[in-house]
Amino acid sequence: MKIFKNDNAFTGLEAAIVLIAFVVVAAVFSYVVLGAGFFTTQKSQEVVHSSVGQASSSLELIGDVYGIGSAASKKIDTLEFTVGLTAGGSVVDLGKTTLTYSDSESYYTLAKVTTSNLKVKEWCIYQRKATDKSTGDVVEKGDQYVLRAKLDPKIGVNHRFTLEIKPSTGATFAISRTTPARIDNLNILY
């Protein structure tokens, strides 16, 4: 019987090294997969929370919408209304809020100004009823802000229009009203 010398055998030490290498590679791979899963879950939670914040409007109308005009001309040129935060709503910066007017004949954006002496296509914070007596444009819990908007053109009797309040975050809040059949100097719009 002839014995051959062969050094190509797979020893126990080599097998242990290969097994350890496989275990290390599997551990690193599983760590990467779990990390990616946790990252995806966190991003999904962020998307859900920001979606809820964007989908719900933080502003609500408090009281009536008034149309200020002239009984002689039978036209309304200014709207006045009060807004505040909804229950559980997040703060709204009126300085970054846009107002747009639309009806069957026109659509335009009103410019925010700091004076109550309004020109056509402008709006302002006419009065602040803030809980902390602040003078800023940020509506917080318990605050009420009276807004005025000067329209162009003046609107007459039985005229349907929509005024949209678009905060920088959150949903657009639309106020749709119809002017009455008889215009007075001060009109409640329904």
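A residue counts as buried under 20% relative accessible area, as exposed over 50%, and as partly exposed in between. Lys121 has a relative accessible area of 33%, so Lys121 is partly exposed. Keep these cut-offs in mind for the rest of the tour. The model is a predicted one.

Start with the overall plan. The protein has one helix and eleven strands. The helix comes at the N-terminal end of the order, and the strands follow: α-β-β-β-β-β-β-β-β-β-β-β. The protein has 190 residues, and 31% of them count as buried. Its exposed area is about 12,200 Å². Carbon and sulfur atoms supply 58% of that area. Now take the contacts with a separation of 6 or more. Residues 24 or more positions apart account for 59% of these.

Begin with the helix. Helix 1 covers residues 12-55, and Val32 lies in it. Val32 also belongs to a nonpolar surface patch. The other members are Ile20, Val24, Val28 and Tyr31. Together the five make a patch of about 530 Å².

Move on to the strands. Strand 1 (59-70) and strand 2 (75-85) are joined by a loop that holds Lys74. Most residues other than glycine have a negative phi. Lys74 has a positive one, near 60°. The relative accessibility of Lys74 is 54%, so this residue counts as exposed.

Next come the aromatic rings. The whole structure holds two aromatic pairs. In one of them, Tyr101 and Phe161 have ring centres 5.8 Å apart and planes at 25°; the planes are under 30 degrees apart, so the pair is stacked. Tyr101 sits in strand 4 and Phe161 in strand 9 (residues 160-166), so the pair ties together parts that are 60 residues apart in sequence. Both residues, Tyr101 and Phe161, are buried. Ring pairs also bring in Tyr108, and the cluster is then Tyr101, Tyr108 and Phe161.

Stay with Phe161 for a moment. Its C-alpha atom is 9.6 Å from that of Glu105. Along the chain, Glu105 and Phe161 are 56 residues apart. Glu105 is in the loop that runs between strand 4 (98-103) and strand 5 (107-112). With 66% relative accessibility, Glu105 counts as exposed. Phe161, by contrast, is buried.

Now turn to charge. Side chains of opposite charge can pair when their charged atoms come close. The count of salt bridges here is seven. One of them joins Lys112 to Asp137, with the closest N and O atoms 3.2 Å apart. This pair links distant parts of the chain, 25 residues apart. Lys112 is in strand 5, while Asp137 is in the loop between strand 6 (122-129) and strand 7 (138-139). Asp137 has another partner, Arg128, and there the closest N and O atoms are 3.1 Å apart. Lys112, Arg128 and Asp137 are thus linked in a network of salt bridges. Lys112 has a relative accessible area of 28%, so it is partly exposed. Arg128 is partly exposed too, at 35%.

Lys112 has a further role in the picture. Its charged end sits over the ring of Trp123, 5.7 Å from the ring centre. A second case involves Arg148 and Tyr126. The charged end of Arg148 sits over the Tyr126 ring, 3.7 Å from its centre.

Return to Lys121. It forms a salt bridge with Asp152, and the closest N and O atoms are 3.9 Å apart. Here too the pair links distant parts of the chain, 31 residues apart. Lys121 lies in the loop between strand 5 and strand 6, and Asp152 is in strand 8 (residues 144-155). The backbone of Lys121 shows a positive phi, near 65°, in a residue other than glycine. Its partner Asp152 has a relative accessible area of 30%, so Asp152 is partly exposed.

Asp152 leads to the last stop. Most peptide bonds are trans. The bond that joins Asp152 and Pro153 is cis, with omega about -5°. Pro153 is found in strand 8.

Conventions
Residues are numbered from 1 along each chain as its sequence is written. This is a predicted model: local features need pLDDT of at least 70, side-chain atom pairs count only at pLDDT 80 or more; totals for chains, interfaces and linings use all residues. Side-chain values use heavy atoms; hydrogens and water are left out. Helices (H or I, at least four residues) and strands (E, at least two) are DSSP runs, numbered from the N terminus. Buried means under 20% relative accessible area, exposed over 50%, partly exposed in between (1.4 Å probe, protein chains only). Contact means heavy atoms within 4.5 Å. Accessible areas come from the Shrake-Rupley method with a 1.4 Å probe; for residues, only the protein chains shown count as cover. Patches are made of residues with over 30% relative accessible area and no salt bridge: like charges are joined within 9 Å, nonpolar side chains (Val, Leu, Ile, Met, Phe, Trp, Tyr) within 5 Å. A salt bridge is a side-chain nitrogen of Lys or Arg within 4 Å of a carboxyl oxygen of Asp or Glu. Rings of Phe, Tyr and Trp (its six-membered ring) pair if their centres lie within 6.5 Å; planes under 30 degrees apart count as stacked, over 60 as edge-to-face and the rest as tilted. A charge sits over a ring if NZ of Lys or CZ of Arg is within 6 Å of the ring centre and within 35 degrees of the ring normal.
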